[in-house]
Amino acid sequence: MPESSRMPKQLTIISGKGGTGKTTFTAAFAQLTENKVMADCDVDAADLHLVLAPEIQKTAPFYGSRTPVVDLERCTRCGICTQVCRFDAIHGGVLNLFACDHCALCMHACPENIITMEESHSGDWFISNTRFGPMVHARLGIAEENSGKLVTVVRKEALNLAKEQGAEWVIIDGPPGIGCPVTAALTGVTRVLIITEPTLSGIHDMERVLSLTTHFNIPAQVCVNKYDIHPDNTRRIESYCRQKGIEIVGKIPFDRGVIEAMVSGKTVMEADVPGVAPAVRQVWERVIGDW
Amino acid sequence: MDTPITITIASGKGGTGKTLVATSLVLSLPEGVQYLDCDVEAPNAHIFLQPQWEEELKTGLVVPRVEAAVCTACGECNRVCEFKAIVVIVDKVLVFDELCHGCGACSYICPSDAITEIEKAIGIIRKGRARNGIRFLQGLLNIGEPMATPIIRRLKKEAATNARITLRDAPPGTSCPVIESVEGSDFTILVTEPTPFGLNDLKLAVGMGRELHVPMGVIINRADAGDDRVHRYCGKEGLPILLEIPLKREIAQGYADGQTLIDILPEYRDRFQGVFARIQEEVRHAGK
């Protein structure tokens with residue numbers, strides 16, 4: 001068997017705008033896909049575990065960045081650290097952790113050599129079992145930085161696990177936005193599924209995220225969630241995608257049952273939400289099932 | 001005369017209604033409020049407030065450039081860079097702009113003075129006037145650029161210091177860009193929904209707000225969908241519930257068209273004025 005065919009395929013689900021249904025779809029795909037590893041890469045506000053109820057098998061610490069520690073007893077208050085810091089993060093030897101960029105320039109500049117950089121434990125990542133198979137996820141400490149770096153760790157571990165187990169797919173729940181964690185969640189993946197909604201905000205952010213996938217040259221497909229909330233806007237999305245040569249893989253109706261499924265910790269497939277479950281299955285068939 | 005106040009609207013979970021709340025709040029306040037759209041990755045407030053742009057400026061980072069003729073390839077820059085953005089391979093120095101934080105450590109340390117810094121644009125700041133005399137500022141991250149935080153930092157610097165009321169519309173999540181948006185505000189409104197996802201991310205956002213020592217209140221959107229766990233959590237944690245907005249098709253449809261709650265249901269003007277009065281009270285109370 002050639003090497004390439006044993007490499008797991010990777011799907012990332014993103015949206016630009018938050019709250020369009022990424023995690024709801026990812027959880028449904030977890031149930032529908034046989035041979036896969038799940039990865040929750042929305043490490044800032046991870047929610048996939050609320051539906052998949054993982055049992056943690058392995059916990060590992062994440063060291064995001066180093067943080068300056070000042071020996072205040074020996075500090076002469078010369079003010080050089082304050083002068084060189086471009087983030088206005090250190091005054092009289094006292095660090096404002098939230099402003100600090102962790103660049104270590106204060107340590108290099110300190111004439112007394114009394115600033116050290118110490119590893120900070122900024123989160124944990126986990127390998128877990130779920131009722132639908134293995135899942136890699138993470139928790140970023142409160143007010144911690146470097147979510148992009150943690151996303152990269154989660155993806156690497158999920159891919160390793162998938163190779164080990166001979167899994168065909170890694171399915172990645174992505175973060176909102178278009179910045180660092182999103183870039184980390186989609187570089188090098190096989191394809192991207194964009195979940196949008198027929199609101200002007202949803203369309204605006206879908207266009208931005210499509211520019212991003214184009215920028216990185218990653219094939220993208222679009223799914224319109226709650227399409228019947230605003231049929232005119234749904235038609236705008238369809239005509240935009242047609243113009244850009246982007247495939248629309250499905251339209252999902254709005255149903256309160258989706259919220260009820262979430263509240264009871266079930267996927268929309270398990271809860272068999274009328275209208276929604278069959279539409280999600282069709283989307284899945286066009287994204288993964290028919291691959 | 002009241003002291004100036006800065007209120008940030010944040011959420012943890014995306015799509016709970018931050019922008020709907022922030023744009024409705026700003027329209028229920030007196031004229032001349034300053035509005036900062038800090039969601040520079042996916043800004044949406046301009047859709048609702050329709051500003052006329054008056055000014056646009058590029059914003060960026062300074063990144064290093066190495067003068068090969070002067071560089072001795074000593075490797076000091078490589079050693080001090082915490083972000084692996086400058087690397088010496090044999091006798092060549094490579095700079096990876098997209099990894100650079102613009103901290104200046106490499107140029108500071110370079111013993112040969114071979115490093116100069118150039119400005120590299122990573123986004124833009126737009127300023128304009130919107131409905132109701134709103135002074136509107138928006139940050140926009142360029143496609144493909146990873147770092148949102150420097151743009152938010154710049155956006156805050158560009159804000160007028162003489163505004164009586166400033167609202168900041170934050171991005172979702174709880175990490176760097178959100179912290180930058182919340183930092184320095186007098187009060188933070190957390191917008192959530194009564195679902196397990198909403199509750200989980202609300203808890204994260206509350207944890208962040210407490211680290212930053214900012215007083216907080218909660219607005220529950222789609223308040224009649226889901227369950228009562230968010231309500232109970234707020235009660236237990238002593239977080240004031242400032243407003244509840246029901247799940248209604250007419251709100252969802254109006255929002256989809258770019259309308260604020262004030263446009264869809266005018267009775268919300270009074271309610272948001274009440275929210276603002278409550279916030280002023282909470283801030284006064286926290287200041288004591």
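This report covers domains, aromatic pairs, a surface patch and selected residue contacts in a predicted model.

**Domains of chain A**

The domain assignment divides chain A into domain 1 (3-53 + 131-289) and domain 2 (66-121). Domain 1 is thus written as two segments, 3-53 and 131-289. Taken over C-alpha atoms, the centres of domain 1 and domain 2 of chain A are 40 Å apart.

**Aromatic pairs**

A pair of aromatic rings is described by the distance of the centres and the angle of the planes. Over all chains, the count comes to four aromatic pairs. Two of them, both in chain B, are listed here.

| Pair | Centre to centre | Angle between planes | Geometry |
|---|---|---|---|
| B:W53 and B:F136 | 5.6 Å | 65° | edge-to-face |
| B:Y268 and B:F272 | 6.3 Å | 45° | tilted |

The edge-to-face pair is formed by B:W53 and B:F136. B:W53 lies in strand β3 (residues 52-66) and B:F136 in strand β7 (residues 134-141) of chain B, so the pair ties together parts that are 83 residues apart in sequence. B:W53 has a relative accessible area of 34% and is partly exposed, whereas B:F136, at 0%, is buried. Together with B:Y35, the residues B:W53 and B:F136 form one aromatic cluster.

The tilted pair, B:Y268 and B:F272, sits within a single element: both residues lie in helix α11 (residues 268-287) of chain B, four residues apart, about one turn of the helix. B:Y268 is buried, with a relative accessible area of 2%, and B:F272 is buried as well, at 0%.

**Contacts of B:S28**

B:F272 also appears among the contacts of B:S28. B:S28 belongs to helix α1 (residues 18-28) of chain B. Its relative accessibility is 3%, so B:S28 counts as buried, the limit for this class being under 20%. Residues up to four places away in sequence aside, B:S28 touches B:I262, B:R269, B:F272 and B:Q273.

**Residues with contacts in both chains**

B:L247 is placed in the loop between β11 (241-245) and α9 (249-256) of chain B. With a relative accessible area of 15%, B:L247 is buried. Its contacts, not counting residues up to four places away in sequence, include A:F254, A:R256 and A:I259 from chain A, and B:R222, B:A223, B:D224 and B:A225 from chain B. B:L247 and B:N221 are 26 residues apart in sequence, and their C-alpha atoms are 7.2 Å apart in space.

A:F87 is found in the loop between α4 (80-84) and β4 (90-91) of chain A. A:F87 counts as buried, at 10% relative accessibility. Leaving aside neighbours within four places in sequence, A:F87 is in contact with A:A99, A:D101 and A:C103 in chain A and with B:H101, B:C103 and B:R153 in chain B. The C-alpha atoms of A:F87 and A:A99 are separated by 6.1 Å, and the two residues are twelve places apart along the chain.

**Nonpolar surface patch**

B:I89, B:V90, B:L94, B:F96 and B:L99 make a nonpolar surface patch of about 450 Å². One of these residues, B:I89, is in strand β4 (residues 86-89) of chain B. B:I89 counts as partly exposed, with 46% relative accessibility. That value is over the 30% relative accessible area required of patch residues.

Note on methods
Residues are numbered from 1 along each chain as its sequence is written. Chains are lettered from A and ligands numbered from 1 in the order in which they are written. This is a predicted model: local features need pLDDT of at least 70, side-chain atom pairs count only at pLDDT 80 or more; totals for chains, interfaces and linings use all residues. Side-chain values use heavy atoms; hydrogens and water are left out. Patches are made of residues with over 30% relative accessible area and no salt bridge: like charges are joined within 9 Å, nonpolar side chains (Val, Leu, Ile, Met, Phe, Trp, Tyr) within 5 Å. Accessible areas come from the Shrake-Rupley method with a 1.4 Å probe; for residues, only the protein chains shown count as cover. A salt bridge is a side-chain nitrogen of Lys or Arg within 4 Å of a carboxyl oxygen of Asp or Glu. Helices (H or I, at least four residues) and strands (E, at least two) are DSSP runs, numbered from the N terminus. Buried means under 20% relative accessible area, exposed over 50%, partly exposed in between (1.4 Å probe, protein chains only). Contact means heavy atoms within 4.5 Å. Domain bounds come from an automatic or database domain assignment. Rings of Phe, Tyr and Trp (its six-membered ring) pair if their centres lie within 6.5 Å; planes under 30 degrees apart count as stacked, over 60 as edge-to-face and the rest as tilted.
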